[in-house]
Amino acid sequence: MDHFEKPTDTLHTRRQFLRTSMLGAAAAWTLPLFLEKTFLAMDAEAADSATQTINGKDGPILVVLQMAGGNDGLNTLVPHGDDAYYRARRRIAIAAADTLKIDGYVGLHPALTGLKGLYDDGHLSIVQGVGYPNPNRSHFRSTEIWQTAADAENLKLTDGWLGRYFDACCQGADPTVGVSIGSARPQAFNSLVPTGVSLANPEQYRWVAEDEADEAFRALNRPSQDPLATGVNAGDSIGAIPGDAPGEMGALDFLERTALDAQLSSDRILQISRKFKSAVSYPKSQLANSLSLVGRMIAGGLATRVYYVNQGGYDTHSGQAPAHQRLMTELSEAVAAFCQDMKGQGNFERVTLLTFSEFGRRVAENGSDGTDHGAAAPLFLAGGGVQPGLFGKYPSLTELNNGDLIHNVDFRSVYFSLLQNWLKAPAEIVLGRRFPILPIV
Amino acid sequence: MLSPLAEADWTREKAAHLLNRAGFSGPPEEIDALHSLGAKNAVKQLLDGAAAKLEAPAPKGIEARDMLALRQSMRSLEEEARRERKKELQQQERQSARDLCEWWLLRMRGKTGDPVAEKLTLFWHGHFATSIVKVRQPFLMWQQNDTLRRNALGDFGTLTKAVARDPAMLVWLDTARSRAQKPNENFARELMELFTLGEGHYTEDDIRAAARTFTTYKIDPRTQTFRFERRQASPGPVSIFGRTGDFSGDDVVDLILEKPECAAFIARKLWVFYASGQPDEKLVQELASGFRESGYRIRPLLETIFNSAAFYSPAALSTQIKSPVQWVMTLARTLEVGLPPGRILLGALDALGQEPFRPPSVKGWDGGKAWINTATLLLRYNMAAFAVGNETTGGRPFQGGRGARRFQEQLARQLPLDKIAPPELRQVPEKLAARMADRLFQRPLKERETTAFARFAAARDVLDDQAVRDLLQLMMSTPQYQIT
């Protein structure tokens, strides 16, 4: 791994650039000087207290796993000790005997054997009844609420909760401080200054051309305009064009920043993915592929704090049982393999994996052997650093809000606890206010 | 705010902007022709052209199936044979889904259809976003496309009522399985949230009430068309927006259209799609009141947008990030080449984030900056290399076996290189670079770009065809090229 501890000849990171240019040694092909000024102006205050040094050797890593579509929490963490569950779900309830018992009241879906193993080993924490006030049942809006950590009524907030962490703590870090797997970028990564990279496949994550073209290419694919010269103040929009909302970066500036991040990260990611192979065998699913790639990047020492992976298909309005069985199997097998991988690498203690879904389903099944959009649901945290056990209270199945479970834990408590106690970030700055800490990490 | 652009202010650059935004751009001659018409006539010609070619015959192999008969014939088979037959049908479905998509993309390219008409149809597809992933049957997706294109320039009320009855939509948002005793709220919710009003202009009770008016909307399995099923009618009056009555589904749409928020919602969305990302609220209100007064007629609204000075203002010019479809079509149309074959094209559009008939959700495509991340940007750059016949990265979507390679060579041969880079200019690198940049960007560029392109050209010993390909690839591998 020695090979990766020093930068390659042609690839300088933004952080290094900052360091060298402060010494007045900016090479012609690195960033223009104004960008450094922008970073400093923007984060003058934050820089002292919050900016984190991020390398690939130590330091905590968060892996966020989105279960898109609204996972049925009641059939994931089954309240097998509650008759109300069986009364509400005459056709799709999971028999008590089939659940993987956690205690006399709840048990895991029978396909979650991998997660049960982690639980028994003390590496899984389960937070029950997670949601937020005034739950929204639209996939899009509720996903947005989870991704931005906004109040349900606040339609203005579009920055992601992880993006705000990047803004507050990771300016000047490598673009790979946040890595999302897949060719779509999660809203959770949205930040004032574009930070973090997305990639679907390392082999395709590069630009192919002859040397001379490569030089011209590199020169054109980086920021061109000095935002300070146009009279934009720190905290205002950067290089905004007329018509952009305040605080929003113009389309061209955004593209140029993204181009630079692509340039800086592609060589390194390709190198790592070619050199490091998974030591454990992952099952065959898209989620497992994504986690396997994350595992290789961690093994390769990429300077990343947050990885983001996605599993879709949870919108089970009809014929839920077989579909949900498959999803639970995929989830459990992929997460178990990833944890195994981390243990083998000796990185298990550095990694926490968090699952979330935009909402649970209604308590009562519908007329099509499925379930409709609901509210509160459980979530999981896995890793060597989590406090194992059950947290929060299982919501009552009889005192409902409009047919839905009432949350006992605000999801932002989970975020707050992870930011504060796992990523060691100023959670109150990132989330805008305090939330009760959960002893999950 | 909405004053029309003065004819005196009409320039070639503005004509190029109109052609880019109303359609999918075009080669220099097309811009010249549009420019020579004058502003108002240019807009009229584009919309007349669209109106004339909106309607389209069904693509080959797309036809209704008697699902009842099909199910019966399946039942009569032995289990083994049934499985075989099922597999065969699924394969057929996958193939015709690809054919359907390619049919549409070819129409957008402009040989079989009109780019302005197809772009507007694409707008409505993104608006009433429905995905074949759930609908499954290509025939239903085509039928919806047909409904959208027939009403694309008509009035929004008729369009919305037609979409409410559209079989693909009935499957997509579960109206087909909604029952009088247990109305499914999915369609009613999205009708208000995403199709007409936007969040915050209705209540949960409005949704529940509206859901009861659509329970009769079903699909006739024999013809795969809409059928009104009276026995699923939900009895009794409903209350929507504080008004109570025996409302039908059509009545609900009419009640929605009475709300000014609906006109503003659609006007804003069209402005964002065609003009710029952050419209002024005053401008939206002006557009909306005209839209509402016209009885929600779409063509006059588009005319107002395309004729307005604001459409050609700095807030709108060169501020839009090309959608993947826009990117692909613009490339093909400005370089005057055909589209890559179905499998490669669809694979690329999928990876770039916009495969027609497969929007990611009922919300459609987010668009704007959401098109771009490090992954999609590098993929665009590699697509550019592919299109000019240069080396690309491995794997999907570029290496679909020998066929892909053969096609790439074909595509590269197709490039009219002598037209793109006239022989007389090949002795003067600076001029050649400027000519090529004008074809690709159609607007003045910053010095950094101009200089870099000229230098790159000057550094070549001879400006042969390969040099021209390399320069094209470089020009398209820039942040500037992603913008229109």
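In strand 9 of chain A, Thr352(A) is the bridge partner of Leu62(A). This pairing belongs to a predicted model. Leu62(A) lies in strand 1 of chain A, residues 61-67, and that strand is joined to strand 9, residues 351-356, by 6 bridges, with the two running parallel. Strand 1 also pairs with strand 8 of chain A, residues 306-311, again in the parallel sense and over 6 bridges. Within that second pairing, Gln66(A) has Asn310(A) as its bridge partner. Strands of a sheet pair through backbone hydrogen bonds, either parallel or antiparallel.

How many of the residues of strand 1 of chain A are buried? The count is 7 of 7, and the strand is mostly covered. The cover applies to both faces. On one side Ile61(A), Val63(A), Leu65(A) and Met67(A) are buried, and on the other Leu62(A), Val64(A) and Gln66(A) are. Leu62(A) and Gln66(A), whose bridge partners are Thr352(A) and Asn310(A), are thus listed on one face of the strand.

Another sheet of chain A is built with antiparallel pairing: an open sheet of 3 strands in the order 2-4-3. Strand 2 (77-78) and strand 3 (100-101) each have a single partner strand and stand at the edges, so one side of each has no neighbour in the sheet. Between strand 2 and strand 4, residues 107-108, there are 2 bridges in the antiparallel sense. Here Val78(A) stands opposite Gly107(A) of strand 4.

Chain A as a whole contains 13 helices and 12 strands. Of its 441 residues, 55% count as buried. Among its contacts between residues at least 6 apart in sequence, 71% join residues at least 24 apart.

Chain B has 24 helices and 4 strands. Its radius of gyration is 24 Å, close to the 23 Å that the globule rule gives for 484 residues, so chain B is as compact as a globular protein of that length. Its C-alpha trace spans about 80 × 65 × 35 Å along the principal axes. Buried residues make up 50% of the 484 in chain B. When contacts in chain B between residues at least 6 apart in sequence are considered, 73% of them join residues at least 24 apart.

Why is helix 11 of chain B, residues 186-196, described as largely enclosed by the rest of the structure? The reason is that 11 of its 11 residues are buried. Among them are charged side chains by name, Arg189(B), Glu190(B) and Glu193(B), along with Phe187(B), Leu191(B), Met192(B), Leu194(B) and Phe195(B). The buried residues of helix 11 pack against helix 6 (115-127), helix 9 (156-165), helix 12 (204-213), helix 13 (249-258) and helix 14 (260-274) of chain B. After helix 11 comes Gly198(B), with a positive phi near 90 degrees.

Helix 14, one of the helices packed against helix 11, also packs on helix 15 of chain B, residues 281-293, at an angle of about 115 degrees and with the axes 8 Å apart. The crossing of the two is right-handed. From helix 14 the contact takes in Pro260(B), Ala263(B), Ala264(B), Ile266(B), Ala267(B), Arg268(B) and Trp271(B), which meet Val284(B), Gln285(B), Leu287(B), Ala288(B), Phe291(B) and Arg292(B) of helix 15. By class, this contact has 10 nonpolar, 1 polar and 2 charged residues.

How values were computed. Residues are numbered from 1 along each chain as its sequence is written. Chains are lettered from A and ligands numbered from 1 in the order in which they are written. This is a predicted model: local features need pLDDT of at least 70, side-chain atom pairs count only at pLDDT 80 or more; totals for chains, interfaces and linings use all residues. A residue is buried if 20 or more other C-beta atoms lie within 10 Å of its own, exposed if 12 or fewer, and partly exposed in between; C-beta atoms are placed from the backbone. Two strands pair if DSSP finds at least two bridges between them. The radius of gyration is taken over C-alpha atoms; the globule rule is 2.2 Å times the number of residues to the power 0.38. Two residues are in contact if their C-beta atoms, placed from the backbone, lie within 7 Å. Axes are lines fitted to C-alpha atoms, for helices over the stretch in contact, and angles run from 0 to 180 degrees between N-to-C directions. A crossing is left-handed if the near helix is turned anticlockwise from the far one by less than a right angle, and right-handed if clockwise.
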